[in-house]
Amino acid sequence: MTDQWVSFSRRGAAELVHLKGEIDLANANDIGRAIVARTTSASAVLIDLTAVSFLDSAGVRLLDYIVGDLDDRGKPIRLVVGERGAARMTLQLCAFRADLLATDLDRAATELGG
């Protein structure tokens, strides 16, 4: 069911999570479960948000939870938000941790050692 919003691949040593479309109250929990299941054993995680067209507070809470969980386990993470777009704007408005936001997937992967 979550295939329309989330897909996975590898980028070097990192698990790469691709999110797309609208991330909101209607799908955030399902997406979160899929991400946690796939990233539990990952050594690092990249979340590509460049194809997200809408991100509400449920989506921000989801990302905050994932970041906190990975931080607690000592796993590095980057959120790829591009130069502009819905996810970047929403995360900046919410004062999300700027040190985790990247504009470019290649640069983010390099920062994580991949």
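A strand, as the word is used in these exercises, is a DSSP run of E residues, at least two long, and strands are numbered from the N terminus. The structure is a predicted model.

**Exercise 1. Find the element in which Phe54 is found, and decide whether Phe54 is buried, partly exposed or exposed.**

Solution. Begin with the element: Phe54 is found in strand 3. Next take the accessibility, for which the cut-offs are under 20% for buried and over 50% for exposed, with partly exposed in between. Because its relative accessibility is 38%, Phe54 counts as partly exposed. Then look at the surroundings, where Phe54 touches Gly21, Glu22, Ile23, Asp24 and Ala86, once residues up to four places away in sequence are not counted. One of these, Glu22, is 32 residues from Phe54 in sequence, although the two C-alpha atoms are 4.5 Å apart in space.

**Exercise 2. Determine which residues of helix 3 are buried and what covers them.**

Solution. Helix 3 runs over residues 86-93, and its buried residues are Ala86, Ala87, Arg88, Thr90 and Leu91. The cover over these buried residues includes strand 3 (45-55), helix 2 (57-72), strand 4 (77-80) and strand 5 (101-102). As a single case, consider Thr90, which lies in helix 3 and is buried because its relative accessible area is 14%. Leaving aside neighbours within four places in sequence, Thr90 is in contact with Leu55 and Val60. Finally, follow the chain just past helix 3, where Ala95 takes a positive phi of about 55°.

**Exercise 3. Describe the largest nonpolar core and name the elements that give two or more residues to it.**

Solution. The largest nonpolar core has 28 residues, and those that touch the most other members are Leu19, Ile47, Leu49, Ile77, Leu79, Leu91 and Phe96. Two or more residues of this core come from each of strand 2 (14-23), helix 1 (28-39), strand 3, helix 2, strand 4 and helix 3. Helix 2 gives the largest share, with 6 residues. To see one member in its setting, take Ile77, whose contacts, neighbours within four places in sequence left aside, are Val45, Ile47, Ile66, Val67, Leu70, Leu100 and Leu112. Apart from the largest core lies another, of 10 residues, which has Leu16, Val80, Ala102 and Leu105 among them.

**Exercise 4. A search of the whole structure finds 8 salt bridges; work out which parts of the chain are joined by the pairs Arg11 with Asp106, Asp71 with Arg97, and Asp30 with Arg33.**

Solution. Start from a general point: side chains of opposite charge can pair when their charged atoms come close. In the first pair, the side chains of Arg11 and Asp106 meet at 2.1 Å, N to O. Since Arg11 lies in strand 1 (residues 6-11) and Asp106 in helix 4 (residues 105-111), this pair ties together parts that are 95 residues apart in sequence.

In the second pair, the closest N and O atoms of Asp71 and Arg97 are 2.6 Å apart. Asp71 lies in helix 2 and Arg97 in the loop between helix 3 and strand 5, so parts 26 residues apart in sequence are tied together. Asp71 is partly exposed, with a relative accessible area of 36%, and Arg97 is partly exposed, with a relative accessible area of 36%.

In the third pair, Asp30 and Arg33 meet at 2.4 Å, N to O. Because they are 3 residues apart in helix 1, about one helical turn separates Asp30 and Arg33. Asp30 is partly exposed, at 24% relative accessible area, whereas Arg33 counts as exposed, at 54%.

Conventions:
Residues are numbered from 1 along each chain as its sequence is written. This is a predicted model: local features need pLDDT of at least 70, side-chain atom pairs count only at pLDDT 80 or more; totals for chains, interfaces and linings use all residues. Side-chain values use heavy atoms; hydrogens and water are left out. Buried means under 20% relative accessible area, exposed over 50%, partly exposed in between (1.4 Å probe, protein chains only). Helices (H or I, at least four residues) and strands (E, at least two) are DSSP runs, numbered from the N terminus. Contact means heavy atoms within 4.5 Å. A nonpolar core is a set of buried Ala, Val, Leu, Ile, Met, Phe, Trp, Tyr and Cys residues joined through side-chain atoms within 4.5 Å. A salt bridge is a side-chain nitrogen of Lys or Arg within 4 Å of a carboxyl oxygen of Asp or Glu.
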